[in-house]
Amino acid sequence: MSQQQPRREQGDQAADPIKYGDVFAVSGELGEKAVKPEDAAMMQSAETAVLGKTQKSGPAAAMQSAANVNVSAGLVQPGDVTDVAAREGVTVTGTAVPGANIITESVAGQVVAQYIQPTGGVGGQPQGAATTGGSRREITIGEALEAAGQTIPGKPVDQCDAAAIQAAEVRATGSNVITPGGVAATAQSAAAYNESMIKDEDKVKLGDVLSGATKVLPADKAATRQDAEGVVGAELRNKQDMSTTPGGVAASVTVAARMNERSQQQS
């Protein structure tokens, strides 16, 4: 995921600090908050702890740049921290798939970046990747679903998720018949149930539905670009803002398809 540079209209620098919504595709309370120095420091620490170093042009670097502008303009003070970031924290997590980790970085529970980090193994082979005939095993649709469940496990399942999961199951099995008790049927039931719930804590979460997806699917296959396009289309048709959920079902299948294409090109 590419990082946006802080956006500022000419003449506005002294009037308004750079906010999270100027730098990342975030919403709600976080989007209206100014980026502050200690927020960037927390993300730098998280990236270093998980990835070994701060990522060039990554979220921590973008946050530091925005915070520096805000301090230079006198709009925030060195040592300031955004209340929502301090309260809900920043996280960097890695979801293992064959040959790579899907890295997800979040601020206050909202995904600000997701990207692929290949894993190197002995003799040039990726760690954790099975091989057949000397080539890297491709990531399946079921594995991509499980990755989504691990990336944003606490997201309540909605109709967008259910539609994307159903499209993924159809692509994986090659059948338009939805398996009773399968992952798509479970997702649809969860989305319908969640619509009757008011509090998020009472709703069925994505992690609950997608855990063990590879075992539930009656058939599975390597994710392709066509599969990803089908799943993305299903998710977008059910979203008013016409954007896929960061780290969600469509995003994970897309990442898997890209990894598989790269693997084929290298073999």
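## Helix 7

Let's start with helix 7, residues 159–173 of this predicted model. Helix 7 has 15 residues and covers 21 Å from its first C-alpha to its last, close to the 21 Å expected at 1.5 Å a residue. At the N-terminal end sits a cap from Asp158: one of its side-chain oxygens lies 3.1 Å from the backbone nitrogen of Cys160. After the helix comes Gly174, which has a positive phi, near 75 degrees.

A good part of helix 7 is tucked away from solvent. The buried residues are Cys160, Asp161, Ala162, Ala163, Ala164, Ile165, Ala167, Ala168, Glu169 and Ala172. Asp161 and Glu169 are on that list along with the alanines, and Ile165 turns up again in the next section as a core residue with many contacts.

## The cores

The largest nonpolar core has 40 residues. Which residues have the most contacts inside it? They are Leu145, Ile165, Val209, Leu210, Val231 and Val249. Two or more residues come from each of strand 2, helix 6, helix 7, helix 8 (183–195), helix 9 (206–210), helix 11 (225–236) and helix 12 (249–266). Apart from this core lies another, of 26 residues, including Phe24, Val26, Leu51 and Val92. As a general point, nonpolar side chains tend to be buried together in soluble globular proteins.

Leu210 is a handy residue to click on if you want to see how the core is put together. Setting aside residues up to four places away in sequence, Leu210 touches Leu145, Glu146, Ala148, Gly149, Ile165, Val183 and Val249.

## Ser252 and its neighbours

Ser252 belongs to helix 12. Is this serine buried or exposed? Its relative accessibility is 1%, so Ser252 counts as buried. Leaving out neighbours within four places in sequence, its contacts are Ala144, Ala147, Ala148 and Gly247.

Ala148, which also touches Leu210, is 104 residues from Ser252 in sequence, yet their C-alpha atoms are 5.8 Å apart. Contacts across long stretches of chain show up in the protein as a whole, too: of the contacts with a separation of 6 or more, 63% are between residues 24 or more positions apart.

## The three-stranded sheet

Now for the sheet. Strands 1, 2 and 3 form an open sheet in the order 1-2-3, with antiparallel pairing. Strand 1 (90–97) and strand 3 are at the edges with a single partner strand each, so one side of each has no neighbour in the sheet. From one strand to the next, the twist averages 20 degrees. Helix 6 (residues 141–151) lies across strand 1, strand 2 and strand 3, and runs at about 160 degrees to strand 1.

Strand 1 is joined to strand 2 by 8 bridges, and Thr95 stands opposite Ile102 of strand 2. Another 8 bridges join strand 2 (residues 100–107) to strand 3 (residues 110–118); here Ser106 has Val111 in strand 3 as its bridge partner.

## The hairpin turn

How many residues lie between strand 2 and strand 3 in their hairpin? There are 2. Ala108 is in this loop, and its phi is near 50 degrees, a positive value in a residue other than glycine. Ala108 is also buried, because its relative accessible area of 10% falls under the 20% cut-off.

## Helix 3 and the N-terminal part

Helix 3 (residues 37–51) also has 15 residues, which should span 21 Å at 1.5 Å a residue; its end C-alpha atoms are 21 Å apart, so the two agree. The buried residues in helix 3 are Pro37, Asp39, Ala40, Met43, Ala46, Glu47 and Leu51. They pack against helix 1, helix 4 (59–72), helix 5 (83–88), strand 1, strand 2 and strand 3. Leu51 also belongs to the core of 26 residues. Gly52 follows the helix with a positive phi, near 90 degrees.

In helix 1 (residues 20–23) you'll find Val23, which is buried, with a relative accessible area of 1%. Val23 and Val35 are 12 residues apart along the chain, and 9.0 Å separates their C-alpha atoms.

## The whole chain

Stepping back, the protein has 12 helices and 5 strands. Of its 267 residues, 46% are buried.

Methods
Residues numbered from 1 in each chain as written. Predicted model: local features only at pLDDT ≥ 70, side-chain atom pairs only at ≥ 80, totals over all residues. Heavy atoms only, no water. Pairing = 2+ DSSP bridges. Helix = DSSP H or I, 4+ residues; strand = E, 2+ residues; numbered from the N terminus. Buried < 20%, exposed > 50% of the residue type's maximum accessible area, 1.4 Å probe, protein only. Axes fitted to C-alpha atoms, helices over the stretch in contact; angles between N-to-C directions. Contact = heavy atoms within 4.5 Å. Expected span 1.5 Å × (residues − 1). Polar contact = N/O pair within 3.5 Å; in protein donor to acceptor, adjacent residues only side chain to side chain. Core = buried A, V, L, I, M, F, W, Y, C linked by side-chain atoms within 4.5 Å.
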